[in-house]
Amino acid sequence: MEAAGYYALPYNAGPEVGEGAETQSALAYFNHRKVTIFAGSNEIQKNIIAKHVLGL
Amino acid sequence: MDFAYTEIQTMLADSVGKFINNEPQARYALTSVATTADRDGDAWVLNGNKGLVPNGGSADLVIVPARTSGKSGDENGITLFALNAHAVGIVQVLKDKTVEYSKNRKQFGVPIGSFQELQHRMVDMLMACEQAQSLLMWSAMTRAADGDNSKRAVSAIKYLIGTEGKKLGEDAIQIHGGMGVTWDLDVAHFFKRLTTICTLFGNADWHLDKLADMAPQT
């Protein structure tokens, strides 16, 4: 999104708005908020690593 | 290109939202206008490329800036009028809603706000809000009186919103968990608006660059 600038703003736009992947960058960015949450959030994963890897 | 031009441009782009002067080479530079307008008898002939027009689909009037003289990049007094106050309001709402949610949402039998990891993160959110609000107050105070500091203040807030504000928004969603990415809660909507503001009229990098250019000479 940073590189695409204004071309990142249209939601899920096609080639009529911009070239390449830039017009899909906002969609990807918002969609990927989920990956640090689902299937055990980052915080839970850190708890597990602290306990079972670091032995804390 | 004169002062009135950039004033009109930012005003229209902000309030009406059916006008913007983006050209592919311009990034966020308001005065980077390569499109030309030449006389041809009684008519004007426009030549050039225009980029994205926010909300262009609902426009009943599109204003197309073009040069009748000079060359691209010529400028004479830039006014940047960003959506800073709006952004400061959004980060405060996101912080308040996140703190409230963490007091109610229970996991492992206790409110998630009782976890130190989340407490520290929400304190960081509060600090970002306080900084943003202070800069906004400085911006308001310098706006009428001091041209140079006014421009610095505007860029400083835009940079803070584009860095700390963005992180605050991401943390607000993270702490809300799965609910944070649904349209049922307004957190997701505020975050989208905040992300849009981060790009409009120059992102964080752009304004850090401007701040460096405006640094007082020693």
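Start in chain B by selecting helix H4, residues 147–176, together with helix H6, residues 204–213: their axes come within 8 Å of each other and cross at roughly 145 degrees. Everything on this tour belongs to a predicted model. Turn the view until you can look along the crossing of H4(B) and H6(B), which is left-handed.

Now show the side chains where these two helices touch. On the H4(B) side, pick Arg152(B), Ser155(B), Ala156(B), Lys158(B), Tyr159(B), Gly162(B) and Thr163(B). Facing them from H6(B) are Ala204(B), His207(B), Leu208(B), Lys210(B) and Leu211(B). Colour this contact by residue type and you get five nonpolar, four polar and three charged residues.

Next stop: the core. Keep H4(B) on screen and look for the largest nonpolar core, a group of 34 residues. Good ones to click on are Ala87(B), Val91(B), Ala132(B) and Ile157(B), which have the most contacts inside this core. To see what builds it, add helix H2 (84–104), helix H3 (116–145) and H5 of chain B to H4; these are the elements that give two or more residues each. Which of them gives the most? That would be H4(B), with 11 residues. As background, nonpolar side chains in soluble globular proteins tend to be buried together.

Zoom in on Ile157(B) for a moment. If you ignore its neighbours within four places in sequence, Ile157(B) is in contact with Asn84(B), Ala132(B), Leu135(B), Leu136(B) and Ser139(B). Then move off to another core, apart from the big one and made of seven residues. Among them are Leu9(A), Ala26(A), Leu52(B) and Val53(B), so select those across both chains.

Pull back and take in chain B as a whole. You should be able to count six helices and four strands. Trace the chain along its sequence and the pattern reads α-β-β-α-β-β-α-α-α-α. Of its 218 residues, 33% count as buried. Try drawing contacts too: among those in chain B with a separation of 6 or more, 67% join residues 24 or more positions apart.

Now bring up both chains and go to where they meet. Here 17 residues of chain B are in contact with 17 residues of chain A. On the chain B side, H4 and helix H5 (186–199) each supply at least two residues. H5(B) gives the most to that side, with three. By type, the chain B residues touching chain A divide into five nonpolar, eight polar and four charged.

Hide chain B and let chain A have the screen. Chain A has two helices and zero strands. Its radius of gyration is 17 Å, well over the 10 Å that the globule rule gives for 56 residues, so chain A is more spread out than a compact globule. Measure along the principal axes and the C-alpha atoms of chain A fill a box of roughly 55 × 20 × 15 Å. Buried residues make up 18% of the 56 residues here.

Last stop: Phe30(A), which you'll find in helix H1 (residues 25–31) of chain A. Is Phe30(A) buried or exposed? Somewhere between: it has 17 C-beta neighbours inside 10 Å, so Phe30(A) counts as partly exposed. To finish, draw a line from the C-alpha atom of Phe30(A) to that of Ala13(A), 17 residues away along the chain; the two atoms are separated by 14 Å.

Note on methods: Residues numbered from 1 in each chain as written. Chains lettered and ligands numbered in written order. Predicted model: local features only at pLDDT ≥ 70, side-chain atom pairs only at ≥ 80, totals over all residues. Axes fitted to C-alpha atoms, helices over the stretch in contact; angles between N-to-C directions. Left-handed = near helix turned anticlockwise from the far one by under 90°. Contact = placed C-beta atoms within 7 Å. Nonpolar A, V, L, I, M, F, W, Y, C, P; charged D, E, K, R; others polar. Core = buried A, V, L, I, M, F, W, Y, C linked by C-beta atoms within 7 Å. Buried ≥ 20, exposed ≤ 12 C-beta atoms within 10 Å, placed from the backbone. Rg over C-alpha atoms; globule rule 2.2 N^0.38 Å.
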